[in-house]
Amino acid sequence: MPHFIIECSQPIMEQQRPEAIIETVYNTADATNLFAKGDIKVRINPYIYYNVGGDTKDFIHVFGNIMEGRTEEQKNNLSRSIVKALKEMFPETPIISINIRDFDKSGYCNKSMVE
């Protein structure tokens with residue numbers, strides 16, 4: 001926890017290395033001090049086929065899934081920081097966005113929690 005899933009148009013992969021994009025999101029999330037460094041997970045899914053408002057403009061959208069308990073201010077800072085970092089990396093990309101979703105502690109389970 002947390003998980004940051006980057007969805008983007010395929011041409012984004014030609015503008016920057018996927019590893020660099022992942023590293024940017026990882027380092028930006030880490031810099032907020034909301035998470036333990038070893039807990040942050042980032043992955044990327046480029047799309048060849050997509051429709052964005054009736055067009056095929058380049059886009060980047062990040063789905064941030066975090067454990068509940070952060071304040072609205074912390075979540076706002078996290079989302080704004082990630083968008084700012086991606087905007088610096090992709091100044092010509094017309095659509096860069098993020099949404100943060102809270103995981104409920106009661107419904108979360110991972111391998112280490114099961115015998």
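Select helix α3 in this predicted model and display its surroundings: the buried residues of α3 pack against β1, α2, β3 and β4. To see which side chains are involved, highlight Lys75, Leu78, Ser79, Ile82, Ala85, Leu86 and Met89, the buried residues of the helix. Turn the view to look down the axis of α3; the buried residues lie within an arc of 130 degrees and therefore line one face of the helix. An α-helix has 3.6 residues a turn, so residues three or four places apart point the same way.

Next, select Glu72, Glu73, Arg80, Lys84, Lys87 and Glu88. These exposed residues are carried on the face of α3 turned away from its buried side. The end C-alpha atoms of α3 may then be picked: they are 26 Å apart, in agreement with the 26 Å that its 18 residues should span at 1.5 Å a residue.

Move now to the sheet. It is open and consists of 4 strands in the order β2-β1-β3-β4, with mixed pairing. The edges are occupied by β2 (41-47) and β4 (95-103); each has a single partner strand, so one side of each is left without a neighbour in the sheet. From one strand to the next, the twist averages 15 degrees.

Select residues 59-67, strand β3, together with β4: the two pair in the parallel sense over 9 bridges. Within this pair, His61 stands opposite Ser97 in β4.

Finally, restore the helices that pack on the sheet. Helix α2 (residues 18-31) touches β1 (3-9) and β2, and its direction makes about 140 degrees with that of β2. Helix α3 (residues 72-89) touches β1, β3 and β4, and its direction makes about 150 degrees with that of β4.

Note on methods:
Residues are numbered from 1 along each chain as its sequence is written. This is a predicted model: local features need pLDDT of at least 70, side-chain atom pairs count only at pLDDT 80 or more; totals for chains, interfaces and linings use all residues. Side-chain values use heavy atoms; hydrogens and water are left out. Two strands pair if DSSP finds at least two bridges between them. Axes are lines fitted to C-alpha atoms, for helices over the stretch in contact, and angles run from 0 to 180 degrees between N-to-C directions. Contact means heavy atoms within 4.5 Å. The expected span of a helix is 1.5 Å times one less than its number of residues. Buried means under 20% relative accessible area, exposed over 50%, partly exposed in between (1.4 Å probe, protein chains only). The arc is that of the directions from the helix axis to the C-beta atoms.
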